[in-house]
Amino acid sequence: MVNLIKRYFIFLLLLMSVLGSVNATTPTVPETCTPTDFYVVLDDSSMTSELITTQLQAIDFNIVAPSVSGVENNRIYFSSKSDLARFCAILSYTNPSLPFSGAFSVYTEDGFTPVSVLKIYGTYAPEAWVYSDLTINSSKSQLAYIYSQTSNGQYSGDSISNNGVQFFYYSGGSTAVNGAQYDEIVLLSNNVLTYGCKGGGYDPRVGRVMSSLVVFDYIEYEYSGSLTLTLTELYTPPEQGNISIYSAAGTEVYESSYLLGTTDNGGLLDIQLPMGEHTLKFIKDGYWDVFKTITVSENTSEIYVTMAPSNAIFQVEKEFSGNIYPNSIARLSLDVTPVKTAYATKLRVSGVEVNKVYYNTQELPKAADGSYIIGDISSPQNIVIDFKTTSSWGERTFTVELSATDIEGTAYTNLETINYNVLELPFLFEAPDSWAIGTNEVTLTDMSGESYSVLLVLYDESGTEKWSSSTNLLEYCEYTFEVPIEDAGEYILELNAKSGSVKSYYSVEIIEPVSLVSDFLTANPGKVATVQFKISNPTESVKYYKASLSCPFYNDTIDKTFSIAPGTVDKTVDMSFEVPEDLEMEYYQLTLEVFDEGKTDPIYSGHVVLTISNASLLIASVPGGNTTLIILASAVMVIAGTFAALRLKK
């Protein structure tokens, strides 16, 4: 008896479950996924395929359910565009909502596709035909999809089947129905859809009509007529952003398994993607595949993808830091991703003067063969190259070579061509043809028509700041800086403008222009003494100078003007004077100064020690002479003369 009751109870449960599912229409999800061009991507990326399948199979699509070809990787694939449209439509009259609450993006054979979904409710007075026209403004003629249900009413139209009607025209028909219909129609631009309803007939209650209209496009709509339509836009597709992709010509760009497009002969592909994060795959024969994650925003984004040939071991992304100007230090950042573990990696740079190379923020020394040794690379790394730019603006290029081997000893070489643009400075820079000890004038003239701050800093060869000055350079005006240099040597003049966004560096070399032949001079009273010095002219023009010699025993200086031809090195100049007879001291200090023509500050100032000698006339005036050596030489000459005289007597 107990077993009989249990069986009867189980039978009732089964019967109730069958009866409860008679009106339910749910999609069937195959075990094996077959990707198609028609799919949705759920917003919730954490959902597994099993969870998506479970939720999908629990959705009641009423009379018509879409045909699902599979679920995989947060995507639901459909057999056709019509099935995709049914998924995007309202579920039913009693459940006027979208699957997964509309939290998905739609893709068709055209890639990401905007979708407009209208929920339309119509009511009317009993026993009276009423109609309303819904005008759809679409950007193009295309298919549209209508899912509709009636409750206690009639459709207007002919070709009634499955309790439904095509909605773009009407005529006749008076059968009261409670049913649903799913239609695919041709929607022309400014197409008018006519809805009609009537109460009475077989059912005197007020009739109602509900429709869900799906258009794969952004649309505008309006309606008119005696039938009251309640239009609700249920699903607003995510906003799209414009993406310009630059890569090698003929590169195919995929998102997952879907081809977004192929770059043209110029290496450009313009596409649109929903706002947010996307992972793209770049494929080209003869090159390694590249994966890149991008973020799409409302602004047009430009993406540059470098394809690494299959005979290279690295994928290299290049980026410059800020604008590049003449006579500056530019920074190139290389994001290096090994296709497989690279061993004994070396970096070489040619075509540009390298300032410094950093690997993982550490400065690398330059090896004897001119390379920079990096070592083994098994994961993405960053290499920074600081290089000196040219003194003129325009398009420039240099090459970076990355060589390495794999675990089997196969050699690979990445030869990267680096193109960069040196921008024209916003001002005219005028500096001396040759820098000298003393005050040097540097003039800046604005050429941009803007006002901005300018800072000049002078550093010596050890990096110590020696001088700085700043000003606010007005539009189309000039300003002259006076740069003081006290000693010969190598300097760097750093120029910062527009809050540091414009930087330029200028090398300044001050060669010691004058050097004494000797710091000591020996002379006899009443004789002529000569101070000698050497001077150079490294410039390309004739230089004019004035030399002044100050002697304690003269009231005025002894002056001499002279000129030097261009490119002259170490020309010897004599400054002669007569030593007075009545000098009381044995030693005097003479001061020599050399001036550029028209300048008041000397380019050289030095001292010569004058020794007064009372020796014979033979050693009366010898520039820089050594007294002892001169006496010995005289003695030798006297002895030689004596021997010569004796031989003559014989």
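These exercises walk through a predicted protein model, each with a worked solution.

Residues are numbered from 1 along each chain as its sequence is written, and side-chain values use heavy atoms, with hydrogens and water left out. In this predicted model, local features need pLDDT of at least 70 and side-chain atom pairs count only at pLDDT 80 or more, while totals for chains, interfaces and linings use all residues.

**Exercise 1. The overall picture**

Task: Find how many helices and strands the protein has, and what share of its residues is buried.

Solution:
- Start with the secondary structure: there are four helices and 45 strands. Helices (H or I, at least four residues) and strands (E, at least two) are DSSP runs, numbered from the N terminus.
- Next, take burial: 43% of the 650 residues count as buried. Buried means under 20% relative accessible area, exposed over 50%, and partly exposed in between, with a 1.4 Å probe and protein chains only.
- Then turn to the contacts, meaning heavy atoms within 4.5 Å. Among those with a separation of 6 or more, 68% join residues 24 or more positions apart.
- Finish with the surface: about 33,900 Å² is accessible, and carbon and sulfur atoms hold 50% of that. These areas come from the Shrake-Rupley method with a 1.4 Å probe; for residues, only the protein chains shown count as cover.

**Exercise 2. The two sides of helix H2**

Task: Work out which residues of H2 are buried and what covers them.

Solution:
- List the buried residues of H2 (residues 49-57): Ile-52, Thr-53 and Leu-56.
- Check their directions: they cover an arc of only 100° around the axis, so they sit on the same side of H2. The arc is taken from the directions from the helix axis to the C-beta atoms.
- Look at the face turned away from that side, where you will find the exposed residues Glu-50 and Thr-54.
- Now find the cover, which includes strands E1 (39-42), E2 (68-72) and E3 (75-78) along with helix H3 (81-88).

**Exercise 3. A hairpin**

Task: Describe how E28 and E29 pair, and sort the residues of E29 by face.

Solution:
- Count the bridges: 12 join E28 (residues 394-405) to E29, and the strands run antiparallel. Two strands pair if DSSP finds at least two bridges between them.
- Pick out one partnership: Val-400 is bridged to Glu-416 in E29.
- Inspect the turn: five residues lie between the strands, and Gly-409 takes a positive phi near 90°.
- Sort E29 (residues 411-422): its covered face holds Tyr-412, Asn-414, Glu-416, Ile-418, Tyr-420 and Val-422. Its uncovered face holds Ala-411, Thr-413, Leu-415, Thr-417, Asn-419 and Asn-421.

**Exercise 4. Positive phi outside glycine**

Task: Locate Asn-360 and Lys-498 in their loops.

Solution:
- Recall the background: most residues other than glycine have a negative phi.
- Take Asn-360, with a positive phi near 55°. Asn-360 is in the loop between E24 (353-359) and E25 (362-363), and is partly exposed at 39% relative accessible area.
- Take Lys-498, whose phi is also positive, near 55°. Lys-498 is in the loop between E35 (489-497) and E36 (502-510), and is partly exposed at 25%.
- Follow the side chain of Lys-498: it lies over the face of Tyr-452, 5.2 Å from the ring centre. A charge sits over a ring if NZ of Lys or CZ of Arg is within 6 Å of the ring centre and within 35 degrees of the ring normal.

**Exercise 5. Aromatic pairs**

Task: Classify the ring pairs Phe-87 with Phe-100 and Phe-553 with Tyr-588.

Solution:
- Set the rule: rings of Phe, Tyr and Trp (its six-membered ring) pair if their centres lie within 6.5 Å; planes under 30 degrees apart count as stacked, over 60 as edge-to-face and the rest as tilted. This gives 20 aromatic pairs.
- Apply the rule to Phe-87 and Phe-100: the centres are 6.4 Å apart and the planes at 40°, so the pair is tilted.
- Note their burial: Phe-87 is buried at 0%, and Phe-100 is buried at 16%.
- Apply the rule to Phe-553 and Tyr-588: with centres 5.3 Å apart and planes at 85°, the pair is edge-to-face.
- Place this pair: Phe-553 is in the loop between E40 (543-550) and E41 (558-564), and Tyr-588 is in E43 (residues 587-596), 35 residues apart.
- Finally, trace the cluster that ring pairs form from Phe-61, Phe-78, Phe-87, Phe-100 and Phe-104.
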